[in-house]
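Biologist: Got a minute to go through this one with me? I'd like to hear the reasoning behind each label, not just the labels.

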Amino acid sequence: MTNAVPSAAIEIRDLTKDFSLNLRGIKLRAVENLTLTVPEGQVFGLLGPNGSGKSTTIKIILGLLDPTAGECKVFGVPSRRVDSRLNVGYLPEAPYFYRYLSGMELVKFYARICGVTGKRLDARVAEVIDWVGLSGAAKRRVGTYSKGMLQRIGLAQALVHDPRLIILDEPTAGVDPVGAAEISELILKLKTQGKTVLITSHLLAQIEDICDRVAILDRGRLILEGNVTELVGQRDRQALIVDPLPLEQLEELKEWLATRGHTLNAVEQPRARLDQLFLSKVSRSPKGGKE
Amino acid sequence: MSPMANTVPFSLNRLVIVAGNTFLEAVRQKLFNFLLLLAIALVASAQFFREFNFGSSELKFISDFGFGAMVFFGSTLTIAATAQLFFSEIENRTALTILAKPIWRTEFIFGKFLGVFAVVGVFCALMTLLLAGLLYHRESGLMTMHPEAFEHGRIIHYADLVVMGMLQWLKFGVLAAITLLIASFSNTNLYTVVMSFFMLVICHLQYLARDAYAQVASVPLRLLVQVLGYVFPNFQVFNLADQIGVGSGLDASVALHVVVYALIYIGVIGGLAVYSFSSREI
Ligand SMILES: Nc1ncnc2c1ncn2[C@@H]1O[C@H](COP(=O)(O)OP(=O)(O)OP(=O)(O)O)[C@@H](O)[C@H]1O
Ligand SMILES: [Mg+2]
């Protein structure tokens, strides 16, 4: 496949989406004049408060909704076309799947829809189920899965045909911190494989750790976009972490700094983050329950 | 769309995968369980009517009764199953996941159709088999009791019975397509079911209106009724004989015409369903 502009995985231009709320023509503008480019090979975070239009934007990218105005292209192909979805994997928010299938059957079903066939089919299905840590529960009906397990099987289904672009709408909602950390790891692994990931999440700390670039939406409008390091890095500051200092030594240190033209801005007791504490205490292994 | 847009060709394979999954849902959600009850009820009532000792007209009675049950429960099953299997995708938002794959909405809709059609096909096959079994059993009994009434051999045409079963299946196919068309633009399961039953009644009774207006009405009104007669399929054409499987045999060429009639309606109505679904916001 040859693309004229190979660098953009998703190109959104002047996108507006109105929902008509009733027959009298009252409309709700969910997305307004959005222009956004997701470069290939990056992890891109789409942030914003509830109802700011993140999921709506994603559905337009996938051709599930038609835009009211503007255009949207995936790898240079307009979203309305079926072939724009050839290289895309999608995990919807609060996913829910055919509850009468087992996890294995479910992933296999989607794999076959995406044209994975023959010997590769079973191997690939087993592989992605293992990646998301559900091997132990693969033979159970999806109807018996917990919320976090649904997210994981959803992730498996999104990855099964080895897409170049993966769109994850709140992949960590309802997932415990251990699972969330594992999903972050998985996303970083995808990035090293050269995949593009578009992710929405409310866990800003997590987004910050894995995203190269973020865009923030508010009431359908883009209010901020940029590289994470540029946005949150404070280059004019540095933190030193030392053993507890007696008061007089601290005063000495201040003086020492002052003679060199520096000031000590803050003295704090560093605290372990609760999620790190959780991660160190909770066992990581048996995921997804036993058979 | 540009002419080169079509790099994902229409795939019968994907359509069949969707159909298979739809059929599996019907099986695993135990949609077929009611069949067992129905079969028991049928056999029991056939036993019950035996008491009246109808003689060989009893066979006609069983046959009519059996087909009546097939038409009634088959229509109900078709409408309920189509609406349910379609709306379970919408309400559980599984449609979101599947339509985000490289799949045509045509494949999705016709896949759903084919899945339902298979479900109804199993129903028709089992009902026909059951009815044939009942008739054969009773006919054999009557033959030993009243050999004089059967001097030319068996009076039931079992092959015709099978043909009639298949024609009913096709009729349910048209009904499933109509239900799918209504479902494609409606928001609720209940609305779809009610509207589809309404359509079922119209399709069964439209010939009455056509006959009545053919004589009396003015030309424009008569034309309108004629046109409506084409818009709504006429379900009466699927009942080839008054007495099913009994008496003179079926005309094969008429049966073939009916098959073509059904396939055309399924194609056109299915196409409309695809068209209406293609702009639906998921
Ligand atoms: N089908 C619809 N019909 C009418 N309004 C809708 C529809 N879908 C979304 N909306 C509205 O569009 C706006 C944006 O919704 P969207 O789901 O995109 O938000 P979001 O950013 O994903 O929020 P969250 O963080 O809660 O998931 C909301 O005000 C919502 O009510
Ligand atoms: Mg959302």
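Biologist: Which residue is the bridge partner of A:Ile12 in S4(A)?

Modeller: A:Cys72 is the partner there. Next door, A:Glu11 has A:Lys73 as its bridge partner in S4(A). Keep in mind that this is a predicted model.

Biologist: What makes S1 and S4 of chain A a strand pair?

Modeller: The cut-off is at least two bridges. Strand S1 (residues 8–20) and strand S4 (residues 69–74) of chain A have 5 bridges, in the antiparallel sense, so they count as paired.

Biologist: And how do you know that S4(A) also pairs with S5 (residues 77–78) of chain A?

Modeller: There are 2 bridges between S4(A) and S5, running antiparallel. Pairing needs at least two, so the call stands. One of the residues involved is A:Lys73, whose bridge partner in S5(A) is A:Pro78. The hairpin of S4(A) and S5(A) has 2 residues between the strands, and A:Phe75 takes a positive phi near 50° in that hairpin.

Biologist: Why are S2 and S5 of chain A called edge strands?

Modeller: The open sheet has 4 strands in the order S2-S1-S4-S5 (chain A), paired antiparallel. Strand S2 (27–39) and S5 each have a single partner strand, so one side of each has no neighbour in the sheet.

Biologist: On to the metal. What makes A:Ser55 and A:Glu93 donors of the magnesium ion (ligand 2)?

Modeller: The cut-off for this metal is 2.8 Å. A:Ser55 (OG) and A:Glu93 (OE) lie 2.0 to 2.5 Å from the ion, so both qualify as donors. A:Ser55 sits in helix H1 (residues 54–61) of chain A and A:Glu93 in the loop between strand S6 (88–91) and helix H2 (103–113), so the pair ties together parts that are 38 residues apart in sequence.

Biologist: Is A:Ser55 buried or exposed?

Modeller: Its relative accessible area is 14%. Buried means under 20%, so A:Ser55 is buried. A:Glu93, at 29%, falls into the partly exposed class.

Biologist: Now the charges. How many salt bridges turn up over all chains?

Modeller: The search of the whole structure finds 16.

Biologist: How do you know that A:Lys195 and A:Asp162 form one of them?

Modeller: Their closest N and O atoms are 2.7 Å apart. The limit is 4 Å, so the pair passes. A:Lys195 lies in the loop between helix H5 (177–192) and strand S8 (196–200) of chain A, and A:Asp162 in the loop between helix H4 (147–159) and strand S7 (165–169), so the salt bridge ties together parts that are 33 residues apart in sequence. A:Lys195 is buried at 10%, while A:Asp162 is partly exposed at 38%.

Biologist: What makes A:Asp212 and A:Lys191 a salt bridge?

Modeller: The closest N and O atoms are 2.8 Å apart, and the cut-off is within 4 Å. A:Asp212 is in the loop between helix H6 (204–210) and strand S9 (213–218) of chain A, whereas A:Lys191 is in helix H5, so the pair ties together parts that are 21 residues apart in sequence. A:Asp212 is partly exposed at 21%, and A:Lys191 is partly exposed at 29%.

Biologist: Which residue does B:Glu89 pair with in a salt bridge?

Modeller: B:Lys112, with the closest N and O atoms 3.0 Å apart. B:Glu89 is in helix H3 (residues 57–91) of chain B and B:Lys112 in helix H5 (residues 105–145) of chain B, 23 residues apart. Both residues are buried.

Biologist: Last stop, the interface. How many residues of chain B are in contact with chain A?

Modeller: 31 residues of chain B are in contact with 34 residues of chain A. About 3000 Å² is buried between the chains, with carbon and sulfur atoms giving 59% of that. In chain B, B:Ile17, B:Arg28 and B:Lys101 lose the most area to chain A, together 21% of what that side buries.

Biologist: What makes B:Arg28 and A:Glu105 a salt bridge?

Modeller: Their side chains meet at 2.9 Å, N to O, and the rule asks for within 4 Å. The rule finds 2 salt bridges across this interface, along with 13 residue pairs in polar contact.

Terms used
Residues numbered from 1 in each chain as written. Chains lettered and ligands numbered in written order. Predicted model: local features only at pLDDT ≥ 70, side-chain atom pairs only at ≥ 80, totals over all residues. Heavy atoms only, no water. Donors = N, O, S within 2.8 Å, 3.2 Å for Na, K, Ca; no water. Buried < 20%, exposed > 50% of the residue type's maximum accessible area, 1.4 Å probe, protein only. Contact = heavy atoms within 4.5 Å. Buried area = accessible area lost by both parts, 1.4 Å probe. Polar contact = N/O pair within 3.5 Å; in protein donor to acceptor, adjacent residues only side chain to side chain.
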